[in-house]
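Hello,

Here is the structure I promised to pass on to you. Have a look at it first, and then read on for my notes below.

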Amino acid sequence: MQVNENYAVSIHYTLTNDAGEELDSSVGQAPLTYLHGAQNIIPGLEQALAGKAPGDNLKVSIEPKDGYGEQNPELLQTVPMEAFQGVDEVKPGMVFGVQGPGEQVHHVTVKEVEAEEVVIDGNHPLAGQTLHFDVTIEDIREATPDEIEQGQVGADVIDQSQAG
């Protein structure tokens, strides 16, 4: 069996940056399982895994355009300190959820803190970086109809006739 659209794929991975620093890893934990073709992982990694089989190991570098995108300077914003009411101390590196259009929650990272203003960054923390993956494919299976419908592995389907 090979990695293909609408298959549940389990992988172990280690992610490093250009400096070789480990950014994330599933080693020593349960493998990451995703629905191939449903955009559950970054496009460059999904493309690199297509056609692979259980036991395959690959090392792949993903450019920003196929990862989390380039840094967008328009997502840097200066906001008044009052926007952080209820927070004892605002520090660089803190992450906050903010409600955007359509009630979607977006995450912003505090970049700089001044007496009256805070610079926040709405870019993904890995935007603009080349990502280096060392991946081993652990398992592949056909996704269930419910998983395909929901666009993710292990999705719980809510029966609308029973809801509320």
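**What turned up**

This is a predicted model. Four of its strands make an open sheet with antiparallel pairing, and their order is S5-S8-S7-S6. At the edges sit strand S5 (76-80) and strand S6 (95-99), each of which pairs on one side only. Direction ignored, neighbouring strands of this sheet are turned by 45° against each other on average.

Within that sheet, strand S7 (residues 105-113) and strand S8 (residues 117-121) run antiparallel and are joined by four bridges. If you want a spot to zoom in on, Glu112 stands opposite Val119 in S8. As a general reminder, strands of a sheet pair through backbone hydrogen bonds, in either a parallel or an antiparallel way.

Next, the packing. The largest nonpolar core has 21 residues, and Leu45, Leu49, Phe133 and Val135 have the most contacts inside it. At least two residues of this core come from each of strand S1 (7-16), helix H1 (43-49), strand S4 (57-62) and strand S9 (131-142). Another core, of eight residues, lies apart from it; Phe84, Val90, Val110 and Val118 are among them.

Which residues does Phe133 touch, not counting those up to four places away in sequence? They are Tyr13, Thr14, Leu15, Ile42, Leu45, Leu58, Lys59, Val60 and Ile62.

Phe133 turns up again at the largest pocket, which holds about 190 Å³ of space. The pocket is lined by 13 residues, and those closest to its centre are Tyr13, Leu32, Ile41, Tyr68 and Phe133. S1 and S9 are the elements that give two or more residues to this lining. The largest share is three residues, and that share comes from S1.

One more residue from the Phe133 list deserves a paragraph of its own: Thr14, which has its place in strand S1. Leaving aside neighbours within four places in sequence, Thr14 is in contact with Glu22, Asp24, Ser25, Val27, His132, Phe133 and Asp134. How far apart in space are Thr14 and Val105, C-alpha to C-alpha? The distance is 28 Å, and the two residues are 91 residues apart in sequence.

Those are my notes; over to you, and happy browsing!

Best wishes

Terms used:
Residues are numbered from 1 along each chain as its sequence is written. This is a predicted model: local features need pLDDT of at least 70, side-chain atom pairs count only at pLDDT 80 or more; totals for chains, interfaces and linings use all residues. Side-chain values use heavy atoms; hydrogens and water are left out. Two strands pair if DSSP finds at least two bridges between them. Axes are lines fitted to C-alpha atoms, for helices over the stretch in contact, and angles run from 0 to 180 degrees between N-to-C directions. A nonpolar core is a set of buried Ala, Val, Leu, Ile, Met, Phe, Trp, Tyr and Cys residues joined through side-chain atoms within 4.5 Å. Buried means under 20% relative accessible area, exposed over 50%, partly exposed in between (1.4 Å probe, protein chains only). Contact means heavy atoms within 4.5 Å. On a 1 Å grid over the protein atoms alone, a cavity is a set of points where a 1.4 Å probe fits but cannot get out, and a pocket is an open set with protein on both sides within 12 Å along at least five of seven lines; lining residues have an atom within 4 Å of a point. Grid points are joined across faces, edges and corners, and a volume is the space filled by probe spheres set on the points.
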